[in-house]
Amino acid sequence: MPRFSSRVEQISISGIREVFESAGEDAINLGIGQPDFPTPEHASQAAIDAIEAGQVDGYTSNKGIPALREAIATKHERDNGFTVDPSNVIATAGGSEALHLALEAHVERGQEVIFPDPGFVSYEALTHLAGGTPKPIGLREDLTMDPAAVEEAITEDTAAFVVCSPANPTGAVQRKEDMREFARIADTHDVLCLTDEVYEQIVFEGDHYSPMQFAETDSVVLVNACSKTYSMTGWRLGWVTASHERIERMLRVHQYAQACASAPAQYAGEAALTGPQRVVDQMVEAFEERRDILLDGLDDIGLETPTPKGAFYAMPKVPDGWVEEVIDRDVIVVPGEAFGERGSGHARISYATNQEMIKEALERMAEATRVVQ
Ligand SMILES: Cc1ncc(COP(=O)(O)O)c(C=O)c1O
């Protein structure tokens, strides 16, 4: 019988994957967290050109190619209102690796990590892998995270708190005042604010703000990726931005676990970040139309759903047995408890699929609702 580390025994295969793998081939998949659009052609072409020019046959620098890190630094200045040197960026294998680096480098055994509940599945699992103690906290009625609740949860054992906006699984977008508060809390309590901004560009109402633009010390580590913004989930390209000291510690983990992000993906990512951004606007417009169809449909069915202001998820309250009835009708949605205890009684519905599918899924959801009510 093989023996395993207690850290790995504390985590299990993500609830999302389980739903996925139980799905029939013809099922309508509203469980998936990736855009259904192709990667922009100019991004793919940049990777093809780099391959043909023989630029991707070897390792890149551990931090990533300079042109990509410059593109990321320019992007922060353009979109996020702060300046960083390209040396403050590590290109990673998706946002996932970036989150992993941040927690590995900052969490001491037994230290607490505060994160939203319901929240993205990786926060709890990566906290366990780092040897830390997960400390999920509840959300406001509108499903945003309350800075006051974070501040209250901080103890002398707290290493970090995670902010995710726009959020998976709720679609909630934090307000500017909240982000300013998160920065203040991190600055004054000497606790890391880990901000996960992978859905940054997918905002329908209001604007995206980053705690990093408000922080007065180096208390924030920012994670982002090309995955959702440019429909590049398969390329596996993300990054982490932080102070020199923090980057140096995260680089220690990155160089042994990963060496460097995939070279073709780095060239594609650079082209995506520096190329025309109209493709992103078009995708966001399509998501907004789908969101409205979904929200109207859920409302007609009688399911209460806080209006998601970003990302591509909605999280209605659902009656007992609803998720199972919906899945029985070959529509894949994810039970809320996959995202934490407080997610129970909800379902996460991804609308990263076309309008016809969403309308068909709504009909089946209406039927399922009649059965369980
Ligand atoms: C909130 C959030 N953060 C990070 C990630 C990881 O993204 P990536 O595919 O870039 O690893 C996801 C993916 O679903 C996500 O929803």
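**Helix α6**

I looked up what the buried side of helix α6 packs against in this predicted model. The buried residues of α6 touch two helices, α1 (6-9) and α5 (94-106), and the strands β3 (112-116), β4 (133-137), β5 (158-164) and β6 (192-196). I then listed which residues of α6 (122-129) are buried: Ser122, Tyr123, Leu126, Thr127 and His128. I noted the background point that an α-helix has 3.6 residues a turn, so residues three or four places apart point the same way. Just after α6 I found Gly131 with a positive phi of about 85 degrees.

**Strand β5**

I went on to β5, one of the strands that α6 packs against. Is it enclosed or open to the outside? I found 7 of its 7 residues buried, so β5 is largely enclosed by the rest of the structure. I checked its pairing next. With β3 it pairs in the parallel sense over 3 bridges, and Val113 has Ala160 of β5 as its bridge partner. With β6 the pairing is again parallel, over 5 bridges, and here Val162 is matched to Leu194 of β6.

**Domains**

I took down the division of the protein: domain 1 is made of 6-38 and 278-372, and domain 2 is 41-274. Their C-alpha centres are 24 Å apart. How many residues are in contact across the two domains? I recorded 36 residues of domain 1 in contact with 33 of domain 2.

I also consulted the UniProt record. An unreviewed entry there lists residues 26-364 as "domain: Aminotransferase class I/classII large". In the model, the end C-alpha atoms of that span lie 14 Å apart, and the span is 40% helix and 14% strand.

**Nonpolar cores**

I looked for the largest nonpolar core and found one of 77 residues. Phe161, Trp322, Val333 and Met365 have the most contacts inside it. Helix α11 (278-301) gives the most to this core, with 7 residues. Where does the core lie with respect to the domains? Domain 1 and domain 2 both give residues to it, so it lies between them.

I listed the contacts of Val333, leaving aside neighbours within four places in sequence. They are Val19, Leu30, Gly31, Trp322, Val323, Val326, Ile327, Ala347, Arg348, Ile349 and Met365. I also logged a second, separate core of 26 residues, which includes Tyr123, Ala160, Val223 and Val240. Of these, Tyr123 is among the buried residues of α6, and Ala160 is the residue of β5 that bridges to Val113.

**The sheet β9-β12-β11**

I traced an open sheet of 3 strands in the order β9-β12-β11, with antiparallel pairing. The edge strands are β9 (313-314) and β11 (334-335), each pairing on one side only. I followed β11 to β12 (347-350): the two pair in the antiparallel sense over 2 bridges. Val334 stands opposite Arg348 in β12, and Arg348 also appears in the contact list of Val333.

**Ala352**

I stepped past β12 to Ala352, which sits in the loop between β12 and α13 (355-372). Is this loop residue buried or exposed? I found a relative accessible area of 3%, so Ala352 counts as buried. Beyond its sequence neighbours within four places, it is in contact with Gln34, Pro35, Asp36, Phe287, Arg290 and Phe312. I also took a distance to Gly64: the C-alpha atoms are 30 Å apart, with the two positions 288 residues apart in sequence.

**Glu52**

I picked Glu52 in helix α3 (41-52). Its relative accessibility is 67%, so Glu52 counts as exposed. Its C-alpha atom is 33 Å from that of Ile202, 150 residues away along the chain.

**Cysteines**

I searched for disulfides and the count came to 0. For Cys164 the nearest cysteine sulfur is that of Cys193, 11 Å away. Cys164 has a relative accessibility of 8% and therefore counts as buried. For Cys260 the nearest cysteine sulfur belongs to Cys226, at 15 Å. Cys260 is buried as well, with a relative accessible area of 11%.

Notes. Residues numbered from 1 in each chain as written. Predicted model: local features only at pLDDT ≥ 70, side-chain atom pairs only at ≥ 80, totals over all residues. Heavy atoms only, no water. Core = buried A, V, L, I, M, F, W, Y, C linked by side-chain atoms within 4.5 Å. Buried < 20%, exposed > 50% of the residue type's maximum accessible area, 1.4 Å probe, protein only. Helix = DSSP H or I, 4+ residues; strand = E, 2+ residues; numbered from the N terminus. Domains from an automatic or database assignment. Contact = heavy atoms within 4.5 Å. UniProt positions renumbered as here; feature names shortened; annotations may be inferred. Disulfide = S-S within 2.5 Å. Pairing = 2+ DSSP bridges.
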